[in-house]
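Thanks, everyone. Let me put the model up, and then I'll walk through it.

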Amino acid sequence: MRYDAIIVGSGFAGNLLGWILAECGWRVLIVDREEHPRFAIGESSTPLGDMLLERLADHYGLTALKPLARWGTCRQALPQLRVGKKRGFSYFQHLPGKPFADTPAHDHSLMVAASASDASSDLHWMRSDVDAWLYQQACQAGCAGRLGVEVINLQRDGAGWTLTAQDRAEQGGEIEQWECREFIDATGSSDVAVRYLGLNDASERLLTRTGCLFGHFRGVAGFADWLEEHGLADASPIFNPDDAAQHHLLGNAWMWMLRFVDGTTSVGFVQPTSQWGTFGDLACKSARMDAWQILLARYPSIYDLMH
Ligand SMILES: Cc1cc2nc3c(=O)[nH]c(=O)nc-3n(C[C@H](O)[C@H](O)[C@H](O)COP(=O)(O)OP(=O)(O)OC[C@H]3O[C@@H](n4cnc5c(N)ncnc54)[C@H](O)[C@@H]3O)c2cc1C
C-alpha cells in the first residue's frame, strides 16, 4: 500500500500530526523505533502551547484533544492520564552547604503566575501516558502504526519516497518497506533526514552548552511543606509553589521539580556541559548515581526533599 504520508517518530509531534492528517482523509503510517509506553522528557506545558493545542483541536475538529490543554479539563475528561498541576513557575535560590533561607522581601524566591485558576491552568504531562494516548487517537482516526522498528534506509523515487525499516525485536529482524508521497521526520533530532538524505546537521548551533541528569522519583517531599516547617512559607501565596514548574537555582546550575498526581516527581539537574566532566564517565550508571548524590549533598534543603 502506498501512503499519503509516513511519519517517523511517534512522539507528541508525530502522533498529533498523524491524527490531524488522518482526520483530513490522508492515509498515514506512523513509525517509531520504540514501543508505547516509553519514557520521554519535555513534560511541562505553557500558556502559548495550550492555546495552540486548543486552536488545533478547534480547527481540525479534534474534540478529544481539547481537554489535554488544561489541568481542569484534562482531569475531568482524561483521568487515566497522569498529569501535574502547573499554576506557574516558582524559583528558589540556594547557597551551597546551607539550608534554603529567604528574606521578608523574598530576595531569594520568585513566584510567576501563568494562569488565573486551577481549572484553566497549565499542566505537566507524563509523556509516557500522553504520547501513548496520542498514538492511540491517531490510530483510531485511521493511521496505521509500526512501532519497534529501526529505519535503515530512505530513498527518493520519482513521485515520492521509499522507507525501509528493520524489526528491532531480534537480531537480523524482518525487513519491511513502505512507499509514500510525503515523508515527515518527527524524530525530534531530524535523525532520519540527516542520516539518509545527506542533509547538514545544523542542530549543533542550537545546543545550549548545558547538560542534565534527570529521572522520575517517588516519595519526593513537597517544598511547600518544607517552607512551612522552617517558618518560611508565604502567608498568602498566589499559588502553591509545588503546583508549578519548580526551579531550584544553584549558582550556575539549576534543578527542576515537576510533581504528578500519582506521586511521581520529575527531577533534573542542569549545569554547564564543562562541569559534568568532573564526574567521570557519565555513560556509566554508577558514575551518574555518584554525581547525583554529590550534587544533592551540596544543597541540604534539596537533599531533605529527596530523602
Ligand atoms: C531536558 C529537557 C527538558 C525539556 N522540557 C520541556 C518542557 O518543560 N516543556 C516542553 O514543552 N518541552 C520541553 N522540552 C522539549 C521537548 O522534550 C521536545 O520539544 C518534545 O519532546 C519534542 O517532541 P517530538 O514529538 O518532536 O519528539 P520526541 O518526543 O523526542 O519523539 C521523537 C520520537 O522519535 C523516535 N525516533 C527517534 N529517532 C528515530 C529513528 N531513527 N527511527 C525511528 N524512530 C525514531 C523516538 O523513539 C521518539 O519516540 C525539553 C527537552 C529537554 C531535553
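I'll cover one helix, then the ligand, then the cysteines. Keep in mind that this is a predicted model.

Start with α1. The helix runs over residues 12–23. Does the length make sense? What span should its 12 residues give at 1.5 Å a residue? The expected figure is 16 Å, and the end C-alpha atoms sit 17 Å apart, so the two agree.

Next, is α1 mostly covered or mostly open? Mostly covered: nine of its 12 residues are buried. Here is the list. From the start of the helix we have F12, G14, N15 and L16. Then come G18, W19, I20, L21 and A22.

What do those buried residues pack against? Three strands and a helix to begin with: β1 at 2–8, β2 at 28–32, β6 at 122–125, and α2 at 47–60. Add α4, residues 127–140, and β10, residues 175–185. Just past the end of α1, look at G25. Its phi is positive, about 95 degrees.

Now the ligand. How many residues surround the ligand? The count is 24, and the closest are D32, I41, S44, R127 and D191. Which elements supply at least two residues each to that shell? α1 does, along with β8 at 149–157 and α5 at 191–197.

So α1 comes back here, and two of its residues deserve a look at the backbone. For F12, a backbone N or O atom lies 3.0 Å from a ligand oxygen. For A13, a backbone N or O atom lies 2.9 Å from a ligand oxygen. R33 also makes a backbone approach, this one to a ligand nitrogen, at 3.2 Å. How much of the ligand does the protein bury? Taken alone, the ligand exposes 1000 Å², and the protein buries 65% of that.

Last, the cysteines. How many disulfides does the structure hold? Zero. Take C143. Why is there no bond to C139? The sulfur of C139 is the closest cysteine sulfur, yet it is 6.2 Å away, which is too far for a bond. The cut-off is 2.5 Å. C143 counts as buried, because its relative accessibility is 7%.

C212 is in no disulfide either. Its nearest cysteine sulfur belongs to C284, 18 Å away. Is C212 buried or exposed? Neither: C212 is partly exposed, with a relative accessible area of 37%.

That's the tour.

Terms used
Residues are numbered from 1 along each chain as its sequence is written. This is a predicted model: local features need pLDDT of at least 70, side-chain atom pairs count only at pLDDT 80 or more; totals for chains, interfaces and linings use all residues. Side-chain values use heavy atoms; hydrogens and water are left out. Helices (H or I, at least four residues) and strands (E, at least two) are DSSP runs, numbered from the N terminus. The expected span of a helix is 1.5 Å times one less than its number of residues. Buried means under 20% relative accessible area, exposed over 50%, partly exposed in between (1.4 Å probe, protein chains only). Contact means heavy atoms within 4.5 Å. A residue is near a molecule or strand if one of its heavy atoms lies within 4 Å of it. A polar contact is a pair of N or O atoms within 3.5 Å; within protein, one must be able to donate a hydrogen and the other to accept it, and residues adjacent in sequence count only if both atoms are side-chain atoms. Accessible areas come from the Shrake-Rupley method with a 1.4 Å probe; for residues, only the protein chains shown count as cover.
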